[in-house]
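Please look over the fold of this protein before reading on. The report below goes from the whole chain to its sheet and then to its charged pairs.

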Amino acid sequence: MHAIALASSMFFATASSLVVADAAWAAFQPAESSTARRPPSGKQVLAYGNEELQTLDYWPGTRAGTPLVVFVHGGGWKRGDKSMMEGSAKLTDWQAKGYAVASLNYRLVPDATVEQQAEDVASALAYLKGRAAQLGFDSYRIALVGHSAGAHLVALVGTDPQYLRRAGLDMDAVRGIVPLDGAAYYVPDQMEENALLLGATYKQAFGTDPKRQVALSPTAHTTAPNAPAFLILHVQRKGGIAQSQGLGDALRKAGTPVTVQGFPGRGLRGHAEINRKLGEADYPATPVVDAFLAKVFS
């Protein structure tokens, strides 16, 4: 009887965790309304590759030669869409600063690998930089921001030179990297940390080969060269805190300027909020990101 009760308890705990995860995912999806579905004025949809998901949305800045903020969505490497930028506080805030904004799609697991996703981010950057004059932004003032799985991808592109080099770019192709509450900066640790709640997601993305897991870990690639500056933000999640601090420590050891800062918000709810609320004037991370962007764009 005790074994049955224990099994039942474990089943409901796992089920509850999955419900929480699904709720958190739903929380940072764009609202389904006729207003949200209408393309904002001036938006262009551009293809940076030949695959269906190799597309991006681009909003011009207020004047020629403005900086560009490029956003990479999350979704466990297997879902998510560039459209979550539409109608967001991030877009409103960055446009109010005069910045041009791009939001990327990339190929998704399992049809693509995480390596190919990082290649997509680098390819999109190369595409944008090559058309900077036509699109009206300053090709020397670009920042890369990503949330969740997107935080992992922007950190990987900002630390492992192979991705930008394959796209014909140097590591200073971007002025700054802003990962928002990622938790896969050193993948092997996360394979155990998230075994119950997100183990299947991590296994699908990173497989079971420890060498591949390390190869896809930004913290393992922080020996110079890196992107010029990092702002690593996290909420109050045990794994996210440890992973963010670990990446920050490794970057500092390599001599790369980095700030690691935590914000209120617990668990997956806080994880969703930092994406959904960033850009709102009263959200504490907003002025921190704004100040970092202003500094790297100066």
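## Overall picture

Among contacts in the protein with a separation of 6 or more, 77% are between residues 24 or more positions apart. This is a predicted model. The protein has 298 residues, and 53% of them count as buried. Its secondary structure comes to 13 helices and eight strands.

The accessible surface is about 13,100 Å². Carbon and sulfur atoms hold 54% of that surface.

## The sheet

Eight strands form an open sheet in the order 1-2-4-3-5-6-7-8, and the pairing is mixed. Strand 1 (44-47) and strand 8 (258-266) stand at the edges. Each has a single partner strand, so one side of each is left without a neighbour in the sheet. On average, neighbouring strands are turned by 20 degrees against each other, direction ignored.

At one edge, strand 8 runs parallel to strand 7 (residues 230-236), and six bridges join the two. Within this pairing, I232 stands opposite V260 in strand 8.

## Strand 3 and its neighbours

Strand 3 is mostly covered, with seven of its seven residues buried. Strand 3 pairs with strand 5 in the parallel sense over six bridges. Strand 3 also pairs with strand 4 in the parallel sense, here over five bridges. V69 appears in both pairings: V69 stands opposite A143 in strand 5 and opposite V101 in strand 4.

The chain leaves strand 3, passes through helix 3 and arrives at strand 4; this β-α-β crossover is right-handed. Helix 3 (residues 89-96) packs on the sheet. Helix 3 touches strand 2 (55-59), strand 3 (66-72), strand 4 (100-104) and strand 5 (137-147). The direction of helix 3 makes about 170 degrees with that of strand 3.

## Salt bridges

Side chains of opposite charge can pair when their charged atoms come close. The whole structure holds 11 salt bridges. One of them joins D57 to K43, with the closest N and O atoms 3.7 Å apart. D57 sits in strand 2, and K43 lies in the loop between helix 2 (34-37) and strand 1, 14 residues apart.

Are these two residues buried or exposed? D57 has a relative accessible area of 0%, so D57 is buried. K43 is at 19%, and the cut-off for buried is under 20%, so K43 is buried too. K43 and D57 also belong to a network of salt bridges that includes K82 and E86.

## Links across the chain

D290 forms a salt bridge with K97, the closest N and O atoms being 3.3 Å apart. This pair links distant parts of the chain: D290 is in helix 13 (residues 285-297), and K97 is in the loop between helix 3 and strand 4, 193 residues apart. D290 is buried, with a relative accessible area of 15%. K97 is partly exposed, at 37%.

E115 and R212 form another salt bridge, with the closest N and O atoms 2.8 Å apart. E115 is in helix 4 (residues 114-130) and R212 is in helix 10 (residues 210-215), 97 residues apart. E115 is partly exposed, with a relative accessible area of 23%. R212 is partly exposed, also at 23%.

Note on methods. Residues numbered from 1 in each chain as written. Predicted model: local features only at pLDDT ≥ 70, side-chain atom pairs only at ≥ 80, totals over all residues. Heavy atoms only, no water. Pairing = 2+ DSSP bridges. Helix = DSSP H or I, 4+ residues; strand = E, 2+ residues; numbered from the N terminus. Axes fitted to C-alpha atoms, helices over the stretch in contact; angles between N-to-C directions. Contact = heavy atoms within 4.5 Å. Buried < 20%, exposed > 50% of the residue type's maximum accessible area, 1.4 Å probe, protein only. Areas by Shrake-Rupley, 256 points an atom, 1.4 Å probe, with all protein chains shown as cover. Right-handed = clockwise from strand over helix to strand, strands pointing away. Salt bridge = Lys/Arg side-chain N within 4 Å of Asp/Glu carboxyl O.
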